Each structure stands twice: as C-alpha cells, then as structure tokens.
Amino acid sequence: MKKIVEYIFGKKLHIRDERIGSLSARIRSKDPSKEYTWSSETTILNQSRKTVFLLNGNHNGPFESQLRLAYRIIDEFDSIIKQTDIEIRKKTNEFGNWKNELYLSAIMPNIHQTNEFELVFDSTNSESTRNIGMIWADGTIKEIGWQ
C-alpha cells in the first residue's frame, strides 16, 4: 500500500529547520522546476497553540526567500501584533481582548512568487469562529479582516 501511496502522491520527505520545526512535503519528481508546498507545525513565541507554516519550494526544500520571510514574521511578531491592534481599534471595539483570545494559527504565501504572506489568527476556544486574517508584506499589514 505504501508504494501505491508514494506513486500517486509522492514520497514524503522531511527537513528539520531550527526555527520552524520539521518541514515535510510529498515529492513526486526531482525536477527543480516543479514546485511543492512544504508544511510545518510548531509553537512560536508566547502563542498558546501551534502555528502552521506553508511554504513554497522544490524537491530540495522550501525556497530560501520563503524561509527568510517566515523568519522575519517571527522576528517582527511583536510589531505585527501592535499593527494589528491599531488597525482593529480604528474600525471596531468588538475585539477588545483579541490578543488573549486568538493565536497565530497559520502563515502562508498569499500570492505565488511574491513577498506577501497571509497570517491567520484563530480563536483558542474551539466553539468560537472568531478570527482575524491579514495580508502582510515588507513589515506592513496591507489588508485586514475579521469575523
């Protein structure tokens, strides 16, 4: 059965990254022009739950530019939180305690081959559907929305 799964979906490869954990992807070809999505799940900073990282890459691993941007998001996380708080408070009072109620659940490229990433904050309460989503590029929040 394993051979059939590998034939259909590709062989699962793992790469260890000291900052974002073990990245994995299913690789069907060693053609460097073929792109794959590498994923990782790790707890960053003071977050209460794990953050999922999705990065573009090829059979060798995530593209270096994608890794650098993921690291930058981690490094600038406090600034992202402050910017998010400012943007939310400009438009609503609904999310007064969002920093304690939500966690960074996902970091993923927004548009292929750009420096834009989508950041998603989800509720720590599994019963709640509250969330915040944003487009982050070059240290700035370009778009933000919530429910």
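**Close-ups of a pocket, a helix and a threonine**

**View 1. The lining of the largest pocket mixes seven nonpolar, five polar and three charged residues.** Here Ala, Val, Leu, Ile, Met, Phe, Trp, Tyr, Cys and Pro count as nonpolar, Asp, Glu, Lys and Arg as charged, and the others, Gly among them, as polar. This is a predicted model, where local features need pLDDT of at least 70 and side-chain atom pairs 80 or more, while totals for chains, interfaces and linings use all residues. Residues are numbered from 1 along each chain as its sequence is written, and side-chain values use heavy atoms, without hydrogens and water. Of the 15 lining residues, Q47, F77, I81, K99 and L102 sit nearest the pocket's centre. Helix α3 gives the most to this lining, with four residues.

**View 2. Helix α3 spans 22 Å from its first C-alpha to its last.** That is close to the 21 Å expected for its 15 residues at 1.5 Å a residue (1.5 Å times one less than the number of residues). Its buried residues (under 20% relative accessible area, 1.4 Å probe, protein chains only) are F77, I80, I81, Q83, T84, D85 and I88.

**View 3. T51 sits in strand β4, residues 51-58.** T51 counts as buried because its relative accessibility is 0%. Its side chain reaches the backbone oxygen of L104 at 2.6 Å. Leaving out residues up to four places away in sequence, T51 touches (heavy atoms within 4.5 Å) S40, E41, T42, I44, L104, S105, A106 and I107.

Methods. Helix = DSSP H or I, 4+ residues; strand = E, 2+ residues; numbered from the N terminus. Buried < 20%, exposed > 50% of the residue type's maximum accessible area, 1.4 Å probe, protein only. Polar contact = N/O pair within 3.5 Å; in protein donor to acceptor, adjacent residues only side chain to side chain. 1 Å grid on protein atoms, 1.4 Å probe; cavity = no way out; pocket = protein on both sides within 12 Å on 5 of 7 lines; lining within 4 Å.
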